[in-house]
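Work through the exercises below with the model open. Try each task before you read its solution.

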Amino acid sequence: MNSNSPRRRFARIAVAGMALTGLLTACGSSDSGDDSSSDSSGPVTLDFWGWANGQEAVVKAFNASHKDVKLKYTKVTDQLTMQKQLTNAVKAGNAPCLLQNTGEYVTSWVSQGALADITEYVEADKDKFNPGSWANGQVQGKVYGIPTASAPAFTIYRTDIFEKYDLEPPATWDDFIAAGKVLKKHDIKITNYAGEDPSTLEVLAMQGGAHWYSVDGDSWVVNFQDEGTLKAAEVIQEIIDNNLNSKLSFADYAAVQRNYDTGGTATRQISTWQMSGMVQNFTKSFGDWALAPWPTYKGEAAKTPAGTNQSGNLTLVSEQCKNKKQAAEVALWMSTDTGAVKTMASPETGSGVMPALADSESYVAEAISEKLLGDNYEPAQKIVTDSLGTVTNDWIYGPNWTAMFTEMQDEWAKVVSKEQKVTDLLAHMQEWTVRDLQQRGISVKG
């Protein structure tokens, strides 16, 4: 259930279509001195910052096919580095026109006046995208970014291990725990919980129907102890109490991949993009992996969380950009041009991400690895396609999401090391998040 990089979390559907007043911060957007009406029709060069594999090839293709607009690409190390560099650039008044980021940061950046409202330039194209992905770039009904990926989610598991111990791929979380207890007898873990990565709790809560943040009138509502979150907590606690999980940190990414490759851990809950890391690092287990649907809660219909960090990716336009119209059009091109989309969808040339397009099913075959799946490649395509229809689309990020998640990381580490229960973490996060919002001058209930 953990992400496939040191970047620690699954990404999620952002605030969509909220008619809110004064909910972001006590202060409004800053005036960058930029005038959108000054967008020129002549040749312009737009800076574009990102970290995803394949972007350099996409930029090269864009520049080769366009005369009036050119892109200058800067590859940032990773997601966390982007936050620091963008913060510094905004303060210095030299933010790039275009940047890659993920959904959970959009609300915070909008509240700081860092992102441009590009609704007028892109609204007519929204039907080209699936609704959940499109919502990822919205705050209060306005569009600030174009989605680059959608969020299929499923289980990948070791067929040789499951066959050896006469196990079926788990259909429910109860099945998952039962299979984990069988595998434990043979010194095999069924999942890995990295101590720095509480995304496991987040995505299971999301699947359970939880809403850590919601809106009531002009106030935020915080609830880390609703029914959906408690369902997630029960599953996670049983896995930890029974020692069914590995505890490998993604700080040593290669070690985590070796563990999967050598059969130390037998399953992962992932999206398509994580397969590229498996393909790039495995040496022993090619062809031994298959896909199965994301486990359900017992008695409930299929429902999958709103994705992973790559699956929540957006191309955003900064408020300081002097050519917002062109920047918005470039963002649309990168997410809709067939060649660009194929480049990013491939695990070999890009990041293995599923496009955010309404017809993204047509890219499934390219986004998963036949080398990794072997004979299981064909049936895997239906698993991915089906999962695209069960994605959560009502998850909301609060204005202090980044700070909240950082605090949750510390508490999650204590859960993984058995220093506290998941319910202890939830009680702490309830109190901490309400207090933090109050200290920021933001109206909150909870």
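This is a predicted model, in which local features need pLDDT of at least 70, side-chain atom pairs count only at pLDDT 80 or more, and totals for chains, interfaces and linings use all residues. Residues are numbered from 1 along each chain as its sequence is written, and side-chain values use heavy atoms, with hydrogens and water left out.

**Exercise 1. Describe the protein as a whole.**

Start with secondary structure. The protein has 18 helices and 15 strands. Helices (H or I, at least four residues) and strands (E, at least two) are DSSP runs, numbered from the N terminus.

Next, burial. Of the 446 residues, 59% count as buried. Buried means under 20% relative accessible area, exposed over 50%, and partly exposed in between (1.4 Å probe, protein chains only).

Then contacts, meaning heavy atoms within 4.5 Å. Among contacts with a separation of 6 or more, 78% come from residues 24 or more positions apart.

**Exercise 2. Check the span of helix H9 and find what covers its buried residues.**

Take the length first. The expected span is 1.5 Å times one less than the number of residues. H9 covers residues 227-241, so its 15 residues should span 21 Å; the end C-alpha atoms are 21 Å apart, which agrees.

Now list the buried positions. They are Gly228, Thr229, Lys231, Ala232, Ala233, Val235, Ile236, Gln237, Ile239 and Ile240.

Look for the cover. It includes helices H7 (173-184), H8 (199-207), H17 (401-416) and H18 (422-439), as well as strands S8 (191-192) and S11 (245-246).

Finish after the helix. Asn243 follows H9 and has a positive phi, near 55°.

**Exercise 3. Locate Gln140 and Asp166, and classify their exposure.**

Gln140 is not a glycine, yet its phi is positive, about 55°. Its place is the loop between strands S4 (138-139) and S5 (142-143). With a relative accessible area of 27%, Gln140 is partly exposed.

Asp166 is also a non-glycine with a positive phi of about 55°. It sits in the loop between helix H6 (159-164) and H7. Its relative accessibility is 71%, so Asp166 counts as exposed.

**Exercise 4. Derive the strand order of the sheet that contains S7, and place helix H11.**

Read the order: S12-S7-S13, an open sheet of 3 strands with antiparallel pairing. Strands pair if DSSP finds at least two bridges between them. S12 (267-270) and S13 (289-293) are the edges; each has a single partner strand, so one side of each lacks a neighbour in the sheet. Neighbouring strands are turned by 30° against each other on average, direction ignored.

Inspect one pair. S7 (residues 154-158) and S12 run antiparallel and are joined by 4 bridges. Phe154 stands opposite Ile270 in S12.

Add the helix. H11 (residues 274-281) lies across S7, S12 and S13, at about 140° to S12. Axes are lines fitted to C-alpha atoms, for helices over the stretch in contact, and angles run from 0 to 180 degrees between N-to-C directions.

**Exercise 5. Compare the surroundings of Lys324 and Met334.**

Lys324 belongs to helix H12 (residues 324-336). At 2% relative accessibility, Lys324 is buried. A polar atom of the Lys324 side chain lies 2.9 Å from the backbone oxygen of Cys321.

Met334 also lies in H12. Met334 is buried, with a relative accessible area of 10%. Discounting residues up to four places away in sequence, Met334 touches Phe48, Val58, Leu71, Thr315, Ala340 and Val341. Its C-alpha atom is 9.0 Å from that of Ile146, 188 residues apart along the chain.

Conventions
Polar contact = N/O pair within 3.5 Å; in protein donor to acceptor, adjacent residues only side chain to side chain.
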